[in-house]
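Here's a quick briefing to read alongside the model. Have a look at the structure first, then work through the notes below.

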Amino acid sequence: MDWQKEDLKYIWHPCSQMKDYETLPPIVIERGEGINLYDVNGKCYKDVISSWWCNLLGHCNPRINAAVKKQIDSLEHVIFANFTHKPAITLCQELMKVIPEGLCKFNFADNGSAAIEMALKMSFQYHYQTGNPQKKRFMALSDAYHGETLGALAVGGVDLYSELYKPLLLDVIRIDAPDCFRCPYGKRCEGHCSFAPSPQGEGWGEGATCHCECFEKAEKTFAKHAHEVAAIIVEPLLQGSAGMKVYPPLYLKKLRELCDKYNVHLIADEIATGYGRTGKMFAFNHAGVSPDIMCLSKGLTGGYMPMAIAVTTQKIYDAFYDDYLKGKAFMHSHTYAGNPLACSAAIEVLKILKDEQIIEKANKRAVYFNKIIREKFLPLENVGEVRSIGLINAIELVKNRETKEPLDSSKRTGYQIYQKALEKGVLLRPLGDVIYFNPPLIIEEEDMDFVTDVALACTKDILCDII
Ligand SMILES: *Cc1c(COP(=O)(O)O)cnc(C)c1O
């Protein structure tokens, strides 16, 4: 059977111009192992983007496989209103040991965007029920990404995804996000951005001059709008879809203070940053403060099952807790909330992280990864910067290194590098002209050598053709 032809007959793939598939048909994957994916012809692809940032511990991880297999023989799913099960309870007990202090009530959904919707509704309803019905707007950062459903899209700020749908979206108050590469204040935050090894949460590096001067934008916006605002939502430390833009933890600390001052909820979208991606269990751990609501999804089940959780505080929970006829309940549900198979995978993920000291070991290898990426890429004239946090490394290609002028986006440089790398067995998926690595935490040094060599060769080839 011609699987590719059959695929194109039926399937409309996510986030794709389907016409592109005429020249790059979908790759039919048959099995996975560790960071490797194998297609039907046996060709191997190194999955260094963790299949859209969700695969945490390798494909077909034997321990997670066993946990899910065991669960499926006793219970696949059950309604989660009035019913419960051991896997969900155990998962919450285990998460309590690792989540930021103060978070303690878990509301389940089945994908990241749904958790964001839940957080927004929860925040609005909290204020409504505590005497502040005028707090019905949201604040978010420019270049933010929070998912694709209408509420999540509204708080998102990446035009590629949201521009067209503006007529359908909530009117969100936008704050200019930190932009450390093109810092309008001319500051350097050595420890966390451009030119230093992964921070591992050690505060500022040498040579840093940044004190989050850009935070004044948030202060001004709060002063003007906070009275009508329920919550601000942020991707802590790392704006993923914006091109893996990294900013310092000090920003989050300041934001926590500002939110307390104005009775505005701080929603942490840790969907991409959670689970060790930034070198700590959660990005908020770097800042030493807690959000009011935290959304989890991608790494939660190790990339096995669609599941998400919005975790919140006792204080928010209590504002919904009353006699039924008071009408204060959170009337929000998803059919697959708390799915036991997903919970069994999620419990095993937490066990593996702990037993095998995955994050600690990944942080050691992250130093090597960042070092070779800098050595290989920084000499290229068109590399504007290499930025990193944890195992995530991003290489921003520019037309002019001095002025930081971007490449002509119509040349689709990143996309061409993607195609070339696929031929050579590496799955990169650049964000525009930002090439990045966000591999499973278990990647070994040998694979780091291979994937960076391929990425470098492909980048050189394509840049040579284009410039
Ligand atoms: C992926 C992602 C989402 C959306 O999650 P989905 O499961 O794709 O709906 C939201 N926020 C961030 C930061 C993400 O990376």
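Let's start with a strand pairing: Glu396 sits opposite Val434 in E17. Keep in mind that this is a predicted model. From that pair we'll move to the two strands, then to a couple of helices, and finish at the ligand.

**The strand pair**
- E14, which covers residues 392-400, pairs with E17 in the antiparallel sense, and 4 bridges link the two.
- E17 itself runs over residues 434-437 and is covered on both faces.
- Val434 and Tyr436 are buried on one side of E17, while Ile435 and Phe437 are buried on the other.
- That split fits the usual pattern: in a regular strand, side chains alternate between the two faces of the sheet.

**Helix H5**
- H5 takes in residues 112-129, 18 residues in total, and at 1.5 Å a residue it should span 26 Å; its end C-alpha atoms are 26 Å apart, so expectation and model agree.
- The rest of the structure largely encloses H5, because 15 of its 18 residues are buried.
- At the N-terminal end, Asn111 does the capping, with a side-chain oxygen 3.1 Å from the backbone nitrogen of Ser113.
- After the helix comes Gly131, with a positive phi near 85°.

**Helix H12**
- H12 has 16 residues (340-355), so at 1.5 Å a residue you'd expect a span of 22 Å, and the end C-alpha atoms are indeed 22 Å apart.
- This helix is mostly covered, with 13 of the 16 residues buried.
- Asn339 is the N-terminal cap here: one of its side-chain oxygens lies 3.1 Å from the backbone nitrogen of Leu341.
- Gln357 follows H12 and has a positive phi, near 45°.

**The ligand site**
- Which residues surround the ligand? They are Trp53, Asn111, Gly112, Ser113, Tyr145, His146, Gly147, Glu235, Asp269, Ile271, Ala272 and Lys298.
- Sorted by class, that shell holds 4 nonpolar, 5 polar and 3 charged residues.
- Asn111, the cap of H5, is part of this shell, and so are Gly112 and Ser113.
- Gly112 makes its contact through the backbone, where an N or O atom lies 2.8 Å from a ligand oxygen.
- Asp269 uses its side chain instead: an N or O atom there is 2.6 Å from a nitrogen atom of the ligand.
- Lys298 also works through its side chain, placing an N or O atom 2.5 Å from an oxygen atom of the ligand.
- On its own the ligand has 380 Å² of accessible area, and the protein covers 83% of that.

Conventions:
Residues are numbered from 1 along each chain as its sequence is written. This is a predicted model: local features need pLDDT of at least 70, side-chain atom pairs count only at pLDDT 80 or more; totals for chains, interfaces and linings use all residues. Side-chain values use heavy atoms; hydrogens and water are left out. The expected span of a helix is 1.5 Å times one less than its number of residues. Buried means under 20% relative accessible area, exposed over 50%, partly exposed in between (1.4 Å probe, protein chains only). A polar contact is a pair of N or O atoms within 3.5 Å; within protein, one must be able to donate a hydrogen and the other to accept it, and residues adjacent in sequence count only if both atoms are side-chain atoms. A residue is near a molecule or strand if one of its heavy atoms lies within 4 Å of it. Accessible areas come from the Shrake-Rupley method with a 1.4 Å probe; for residues, only the protein chains shown count as cover. Ala, Val, Leu, Ile, Met, Phe, Trp, Tyr, Cys and Pro count as nonpolar, Asp, Glu, Lys and Arg as charged, and the others, Gly among them, as polar. Two strands pair if DSSP finds at least two bridges between them.
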